[in-house]
Amino acid sequence: MGSNASLIRTVTFPDQQLLDSVQPLPDGMRAGIWDLQGEPHGVQLDEVDAVILPYMGPKPLEALRRVPNLKLVQTQSTGYDGIPQAVGPDVAVASAAGVHADSTAELAVALMLASLRGIDQAVRDQVAGRWNPQRWTSLADRKVLLVGVGGIGAGIASRLEPFGVELTRAGSTARDDDAGHVHGADELVELAGEAEVLVVITPLSEATHHLINADVLAAMPDGALVVNVARGAVVDSDALTAEVVSGRLRAAIDVFDPEPIPEGHPLWRAEGALITPHNGGNTSAFFPRIVRLLKSQLSAVAEGRNPENLVQSGAFGLDER
């Protein structure tokens with residue numbers, strides 16, 4: 001047993017269903033129920049070592065500051081924006097990277113196809129009982145700029161291979177990997193000038209906040225499509241809205257800043273906008289995959305090993321990104 005074996009003795013789950021599905025817990029580990037609202041059930045706050053965050057709905061992260069002996073926060077999402085800041089550097093934070101990769105990659109491709117091929121317009125025509133044939137844009141032969149080369153980005157890239165696109169990838173810094181060249185974020189304005197489809201799947205951080213800004217969007221060709229399956233604030237919402245409402249660009253987005261999109265927001269009625277309500281990872285694949293991850297994470301800490309997907313190491317030593 002490693003030196004981390006005694007770090008996690010008590011963990012809270014956001015709901016009873018998730019706790020029941022992860023049972024049995026490792027020997028010596030106990031659990032309570034806490035959705036960050038009020039007090040936990042079954043344990044006291046001063047007993048809690050680890051908190052599993054809710055997946056959907058509001059997450060009052062300030063509640064985590066009430067846990068005096070907190071050592072680990074486990075998300076059920078790939079994103080972890082705001083959590084390290086809420087808990088401070090001494091608390092480990094682990095994401096659910098990998099759990100949502102396939103589902104989010106599926107949606108990214110679905111949004112591209114639906115928008116380019118006019119499926120959203122076809123649905124409106126169907127409701128109106130209108131037969132409205134017209135020539136739409138194919139995904140085949142499109143120049144696609146993929147911003148984000150992590151697990152989900154790789155999943156999107158692999159799914160695009162059969163469609164015959166011309167794919168360009170961009171990450172935080174320029175480099176080469178097994179799939180070829182990755183351009184740096186400092187090249188985005190230049191790259192956007194050739195991008196007929198821009199797909200955003202980079203984590204939200206200080207460095208990526210409004211990474212897709214007015215300059216990047218303005219550089220895109222007329223009629224180009226912006227697809228965001230990352231976090232809303234990676235794209236400048238005002239700049240995107242202005243481009244789409246004007247009719248110059250199209251957008252197919254699963255995320256926005258703020259969420260939900262406010263009632264009466266002009267993007268709701270923009271002809272060039274296709275909106276899904278942050279459904280990227282919320283599929284039938286989610287629950288069994290998060291259960292497997294949580295079982296693995298709890299077994300790891302019980303055996304003195306670091307949990308996977310550490311984005312902030314806290315008491316567990318070096319980050320495992």
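How many cavities of 30 Å³ or more does a search of the whole structure find? The search finds two, where a cavity is a set of points, on a 1 Å grid over the protein atoms alone, at which a 1.4 Å probe fits but cannot get out. The model is predicted, so that local features need pLDDT of at least 70 and side-chain atom pairs count only at pLDDT 80 or more, while totals for chains, interfaces and linings use all residues. Residues are numbered from 1 along each chain as its sequence is written, and side-chain values use heavy atoms, with hydrogens and water left out.

**View 1. The largest cavity and its lining.** This cavity holds about 50 Å³ of space, a volume being the space filled by probe spheres set on the grid points, which are joined across faces, edges and corners. Its lining, meaning residues that have an atom within 4 Å of a point, consists of Val11, Ala50, Val51, Ile52, Leu72, Gln74, Leu294, Gln297 and Leu298. At least two lining residues come from each of strand S3 (50–52), strand S4 (72–74) and helix H9 (286–302); helices (H or I, at least four residues) and strands (E, at least two) are DSSP runs, numbered from the N terminus. Seven of the lining residues are nonpolar, two are polar and none is charged, where Ala, Val, Leu, Ile, Met, Phe, Trp, Tyr, Cys and Pro count as nonpolar, Asp, Glu, Lys and Arg as charged, and the others, Gly among them, as polar.

**View 2. The second largest cavity.** About 40 Å³ of space lies here, and the residues around it are Asn228, Gly232, Val235, Ser237, Leu240, Ile253, Val255, Phe256 and Asp257. In this lining, five residues are nonpolar, three are polar and one is charged.

**View 3. The second largest pocket, with two cis peptide bonds.** A pocket is an open set of points with protein on both sides within 12 Å along at least five of seven lines, and the second largest one has about 440 Å³ of space. It is lined by 19 residues, of which Phe256, Pro258, Glu259, Pro260 and His278 are the closest to its centre. The lining divides into 11 nonpolar, three polar and five charged residues. Asp257 and Pro258 are joined by a cis peptide bond with omega of about 10°, and the bond from Glu259 to Pro260 is also cis, with omega near -10°. Pro258 is found in the loop between strand S12 (250–253) and strand S13 (273–275), and Pro260 is likewise found in the loop between S12 and S13.

**View 4. Two residues with positive phi.** His210, although not a glycine, has a positive phi of about 55°, and this residue lies in the loop between strand S10 (197–200) and helix H7 (214–219). Asn309, also a residue other than glycine, has phi near 60° and is placed in the loop between H9 and strand S14 (310–312). Are these residues buried or exposed, or partly exposed? His210 counts as partly exposed because its relative accessibility is 27%, whereas Asn309 counts as buried because its value is 18%; buried means under 20% relative accessible area, exposed over 50%, and partly exposed in between (1.4 Å probe, protein chains only).

**View 5. Val127 at the surface.** Val127 lies in helix H4 (residues 119–128), and it counts as exposed because its relative accessibility is 72%.
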